[in-house]
Amino acid sequence: MLLSSVAEAMFWTGRYVERSQALARVVLGYERLSFDLSASRKLELGPLFALMDRTPDAASQRDRSEALRQLVLDPDNRSSVLGALLAARENLRVARVVAPVELWTTVGMLVQQLKENAPGSEGALLEALEATLALGNRFEGERQRSMTHDNAFAFLEMGCNIERADMLVRSIAALTPVLSPAGWERAYDDVRWTGLLHAIGLHSAYRRHHHHQAELPRLLALAMSDTSCPRAVAHCLQVVQRQLTHLPRARPVGEQLGVTLATAFAAGRSAEALPRQPTAQLSEQLARLSSTISTCYFPCEEEVQAPPLAATRPRRSDPFEHLTKEHAYMDRVLRVLGTLAGVAGEGTPIDRTELRTIVTFLADCGELGHHEKEESILTPVLAAHGFDWYDGPLAVMRREHRQEHYFIQVLTHLASQRNEWSRDDARNFVGVAGELIHFLYSHMAHEEHDLFERAARTLPANVQAALCRSFEELDARQGPLAAESRAAMTTLLEKYSTQGALRSAS
Ligand SMILES: [Fe+2]
Ligand SMILES: [Fe+2]
């Protein structure tokens, strides 16, 4: 099992890393082509803004280096090269429990080298883009070699491939009109054609199939429907299709994937000189594919509004779905705690009543509700069905609950301190909150992977139904006692939800 927020973060990590790579390749290829054509005139950068879903503003129309800065170095635009990498890093932070450290290191290096090396001359920026592409290849290698090919990998892989397909379609739509001039400039057609192929990463593949024949229909056939070319849309969609076979509830995504694949093959057969219409249709289908994945697998904001823990009722008699839903709610609580720690880490005082709300919720609903279900109800049943009480996942779970209790006590002490926090108190809070967050994500992942999955396979259906009833009875008993802390937590989540702090970084 995988927390849906972690799955979403993996998916968007893939999308943002791939977006940064595709845009870096296009800008680099386009600029090199501009150098090659400089005998005539430099190419306008305006058409590349379509890759960021933007139109160039007045400043970037006046000043070519400002246009380059906006395309590459704008940290506030998640579709610029740097902005996409920052967004990837943000998502990877949410997914750190399942993402190998090699991915984190590589994305950190990508951000750092671009921030440090790109500002300055145009030459420095182009060199930094080359280094970005080299590190991007390293990310791809680490992704394939360092990650277990499990559900988390499936979401990362789907994100990468949907974005790769989408950026290819957008790049072709944006670049082909610019690279098809009329009149005397046709003399440079072969230079322009080579530049286009480099910019979209299809130079080698196209040359391998068609040598030096420069024909747009051949390019479209390769880019859209050649399943043997790893950058082609059809190939990317087949990768998504393979990953879907590992995931539950994949039917709606599979159906949309079929429609998208059919649209890609149709676009590949298009004979239009400027492929605006087929690429627009394909872009639309790819966007639908992405949103179908979101709808199927990622939680929506309404979950924040739903009554937490005790009042949550699983639709089926599945005790592990019941516990996993409580984990998903805990994920949102931890995001608020992370936001508070981030504020304190920047030296700004936090509202300690908010911290009190969180620790009270962790004690009343986490320890007396959720832990009680796991330790007093689930554990004896599992022990009776062959699980080792003293060793393995059950023992790890109990030990980790004791450890969690220690963290909560430290935070409770800090939250209820009468005096203003000293600098050391604030530093202590940031450290303990960070450790608790990391610890709890890891704990929930252990339970879901090592305990719930095996238990769901082992326990007979009638035993699972009885567990559900016991959970609900405990909720009914605990409900009135914990009502106040639940209500306060719901209000706090709504506040941070409104501020956007609870959304995944998509
Ligand atoms: Fe637990
Ligand atoms: Fe748990």
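In this predicted model, the crossing of helices α10 and α12 is left-handed. Helix α10 covers residues 216-225, and its axis comes within 7 Å of the axis of α12, with a crossing angle of roughly 165°. Angles over 145 degrees count as roughly antiparallel, and α10 and α12 are therefore put in that group. On the α10 side, the contact is made by L220, A221, M224 and S225. Their partners on α12 are A264, F265, A267 and G268. Sorted by class, this contact of α10 with α12 has six nonpolar residues, two polar ones and no charged ones.

Helix α12 spans residues 251-268, and T263 is another of its residues worth a look. Is T263 buried or exposed? A residue needs 20 or more neighbouring C-beta atoms within 10 Å to count as buried; T263 has 21 inside that distance, so it makes the cut. Some of its contacts come from further along the chain: leaving aside residues up to four places away in sequence, T263 touches Q281, L282 and Q285. Take Q281, for instance: it sits 18 residues away from T263 along the chain, yet the C-alpha atoms of the two are separated by 7.3 Å.

A second helix pair tells a similar story. Helix α7 runs over residues 151-178 and helix α11 over residues 233-244, and their axes come within 9 Å and cross at roughly 160°. That makes α7 and α11 roughly antiparallel to each other as well, because the angle is over 145 degrees. The crossing of α7 and α11 is left-handed. From α7, the residues taking part are A154, E157, M158, N161, I162, R164, A165, L168 and V169. They meet V233, C236, L237, V239, V240 and Q243 of α11. Here the tally comes to eleven nonpolar, two polar and two charged residues. The spacing of such residues can be read with a simple rule in mind: an α-helix has 3.6 residues a turn, so residues three or four places apart point the same way.

Next comes helix α4, residues 81-94. How does its length compare with what should be expected? At 1.5 Å a residue, its 14 residues should span 20 Å, and the end C-alpha atoms are 21 Å apart, so the two values agree. Eleven of those 14 residues are buried, which means that α4 is largely enclosed by the rest of the structure. The buried set consists of V81, L82, G83, A84, L85, L86, A87, A88, N91, L92 and V94. And what do these buried residues pack against? The answer is four helices: α1, α3 (64-72), α5 (101-117) and α6 (122-146).

Finally, two loop residues have a backbone angle that stands out. Most residues other than glycine have a negative phi. D53, though, has a positive phi, near 60°, and R249 has a positive one too, near 50°. Where do they sit? D53 is in the loop between α1 (4-36) and α2 (58-62), whereas R249 is in the loop between α11 and α12. Both are out in the open by neighbour count, where 12 or fewer is the limit for exposed. D53 counts as exposed because it has 9 C-beta neighbours inside 10 Å. R249 also has 9 C-beta neighbours inside 10 Å, so it counts as exposed too.

How values were computed
Residues numbered from 1 in each chain as written. Chains lettered and ligands numbered in written order. Predicted model: local features only at pLDDT ≥ 70, side-chain atom pairs only at ≥ 80, totals over all residues. Axes fitted to C-alpha atoms, helices over the stretch in contact; angles between N-to-C directions. Helix = DSSP H or I, 4+ residues; strand = E, 2+ residues; numbered from the N terminus. Parallel < 35°, antiparallel > 145°, perpendicular 65-115°, else oblique. Left-handed = near helix turned anticlockwise from the far one by under 90°. Contact = placed C-beta atoms within 7 Å. Nonpolar A, V, L, I, M, F, W, Y, C, P; charged D, E, K, R; others polar. Expected span 1.5 Å × (residues − 1).
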